[in-house]
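Me: Please take a close look at one part of this predicted model, the part where its charged side chains pair, and set that part in the context of the whole chain.

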Amino acid sequence: MPPFDKAIKRLFGRVGGWAWVACIPLTLVILATWGVAAQAQDELAAADVQTTLDNIWVLIAAFLVIFMNAGFGMLETGFCRQKNAVNVLTKNLIVFALATLSFWFIGFSLMFGANGNGWVGWGSFFLGGAPELYGLGPDGLNLSKDTFFLFQAAFAGTAATIVSGAVAERIKLVDFIIFSLLLTAIAYPITGHWLWGGGWLAELGFHDFAGSTIVHSVGGWAALMGAAFLGPRMGKYTADGQVSALPGHNLSIATLGCLILWLGWFGFNPGSQLAADLAVPYIAVTTNLAAAAGGVAATATSWALSGKPDLSMTINGILAGLVGITAGCYVVGYAGAFWIGLISGILVVFAVGFFDSIKIDDPVGATSVHLVCGIWGTLAVGLFANPNNFTQGGEGIAGLLYGGGLAQLGVQILGVLTIGLFTVVLSSIFWLILKSVLGLRVSAEEEMKGLDIGEHGMEAYSGFLKDTTDMTGVM
């Protein structure tokens, strides 16, 4: 007998003869099951990693948006006079605290609650209820309720702080606090639900990726009505209708504020992807291109009009480009982002002059930046949306310049008009009630001495000489 046959015979003999062969199918089944289980475990681990990455990125983006409050604080303080610095800083600091609490109480529910309808959401008070109640969980966004809430609360705070700049240097602090609560608890969440909560504008195909209208125009409309009801600052417009400059006291911190806001916008726009994927760097590039184009365009425009480059216009031009690109940063190409930013920078210069011509006194240009350029950026989606760009978000969204006809532009116009009308009416009601009950404006004596003394009993720059120019006899 050959040696190989003898070895096989001895092996089978030790395990009970040919019965050993029956173990082979069982072994194969075990190996196959083990392999499938290992593959399933790998797939589960990959999904868990993606979920974690999505939540971490959106949290980082939320932190950047919250840091924008520092930018708004520096910008507005620098553009205002030193006698009102404490007041401006107080408003910018407290507004995010107010927005967080009001949004936690009811605003988040009105904006994202799935128990509502196409006009208003409804969930639960104090962030209650399961994640599914807010469009989260396995069948919704790949985010935890805590992550999503913090990101959206940061946006609500941004809408409220826009108002702060337009009403600066003459509003009572208590009125601003109450209005901020009403805006972030009621007005902003309701219009936000129309799109981001799956409401009627979302069903029509309205597109506002990160909030040129939902955040910036809403804040801009509310700011415009506040400035109108308050009236101009003492000395801003002379009896014969001329505009008097009331220059800010510190353009250094205003410039710092602009740079902080520019940085924070990389949380504002890319974070609105609500996922950690390759669309994030694309959105960051379109955002940056628009900001750069806006800053250059505003500088060149103000230089051509006045003969000298105006730093304040450069600052507002950068912000105008950022506001303008916010709606379409995911669906426009690089060229579209450039043109949106460029036109935003030109618009903001002329908008500042327009509001002065109708005696709407806005110390920081908030209405020019956020309202005018927010409207423009939203409409620009209907012009520049490019279905052939890098992002999947471009599919199905084609602007007029890319063969989409007037359909998308028409929906964008409808969204701008309806959100604007609702915000104007509701914010006007809020302002009028506050004016009749509490009085919106500080006294003439307090305004002349400065709100730091009148409202807070302290000074931002103790020991420094401050402007005590007598404004008697001017409007």
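**Salt bridges and their setting**

Reply: Of the 475 residues in the protein, 51% are buried. The model is a predicted one, with an average pLDDT of 90 and a score of at least 70 for 87% of the residues. One stretch calls for caution: over residues 470-475 the pLDDT stays under 50, and the model has 16 contacts for them beyond four places in sequence. The secondary structure comprises 15 helices and 0 strands. Among contacts with a separation of 6 or more, 75% join residues 24 or more positions apart.

The charged pairs come to 5 salt bridges in total. Side chains of opposite charge can pair when their charged atoms come close. One of the bridges joins the side chains of Arg233 and Asp361, with an N to O distance of 2.7 Å. Arg233 belongs to the loop between α7 (212-230) and α8 (251-268), while Asp361 belongs to the loop between α11 (334-357) and α12 (366-384); the pair therefore ties together parts that are 128 residues apart in sequence. Both Arg233 and Asp361 are buried.

Two further bridges involve residues of the 441-449 region. In one, the side chains of Glu447 and Arg441 meet at 2.9 Å, N to O. Glu447 counts as buried because its relative accessibility is 4%, under the 20% cut-off. Arg441, by contrast, has a relative accessible area of 25% and is therefore partly exposed, since this value falls between 20% and 50%. In the other, the side chains of Glu445 and Lys449 meet at 3.1 Å, N to O. Glu445 and Lys449 both lie in helix α14, 4 residues apart, which is about one turn of the helix. With 52% relative accessibility, Glu445 is over the 50% limit and so counts as exposed. Lys449 has a relative accessible area of 47% and is partly exposed. Elsewhere, salt bridges with shared partners join Arg81, Glu169, Arg233 and Asp361 into one network.

The nonpolar interior supplies the setting for these pairs. The largest nonpolar core has 104 residues, and the members that touch the most others in it are Phe103, Val163, Tyr188, Leu319 and Trp431. Helix α4 (residues 145-166) provides the largest share of this core, with 12 residues. Apart from this core lies another, of 6 residues, including Ala227, Phe355, Ile360 and Leu371. Beyond the residues up to four places away in sequence, Val163 touches Phe176, Phe179, Leu183, Gly219, Ala222, Ala223 and Trp431.

Ala222 also appears among the contacts of Thr423, a residue of helix α13. Thr423 is buried, because its relative accessible area of 2% is under 20%. Leaving out residues up to four places away in sequence, Thr423 touches Thr191, Val218, Trp221, Ala222 and Ser428.

Helix α13 (residues 407-437) also contributes to the surface: 5 residues of a nonpolar patch come from this helix, the largest share. The patch is formed by Val174, Leu421, Val425, Ile429, Ile433, Val437 and Leu438, which together have about 620 Å² of accessible area. Leu438 is placed in the loop between α13 and α14 (444-449). The relative accessible area of Leu438 is 35%, so this residue is partly exposed. For the whole protein, the accessible surface comes to about 20100 Å², and carbon and sulfur atoms account for 71% of this area.

Helix α15 (residues 451-456) includes His456. The C-alpha atoms of His456 and Val86 are separated by 7.6 Å, although the two residues are 370 residues apart along the chain. Neighbours within four places in sequence aside, His456 is in contact with Val86, Asn87, Thr90, Leu173 and Leu451.

Taken together, the charged pairs differ in their surroundings. Arg233 and Asp361 are both buried, whereas Glu445 is exposed and Lys449 is partly exposed. The pair of Glu447 and Arg441 combines a buried residue, Glu447, with a partly exposed one, Arg441.

Terms used
Residues numbered from 1 in each chain as written. Predicted model: local features only at pLDDT ≥ 70, side-chain atom pairs only at ≥ 80, totals over all residues. Heavy atoms only, no water. Helix = DSSP H or I, 4+ residues; strand = E, 2+ residues; numbered from the N terminus. Buried < 20%, exposed > 50% of the residue type's maximum accessible area, 1.4 Å probe, protein only. Contact = heavy atoms within 4.5 Å. Areas by Shrake-Rupley, 256 points an atom, 1.4 Å probe, with all protein chains shown as cover. pLDDT = per-residue confidence, 0-100. Patch = residues over 30% accessible without salt bridge, like charges linked within 9 Å, V, L, I, M, F, W, Y side chains within 5 Å. Salt bridge = Lys/Arg side-chain N within 4 Å of Asp/Glu carboxyl O. Core = buried A, V, L, I, M, F, W, Y, C linked by side-chain atoms within 4.5 Å.
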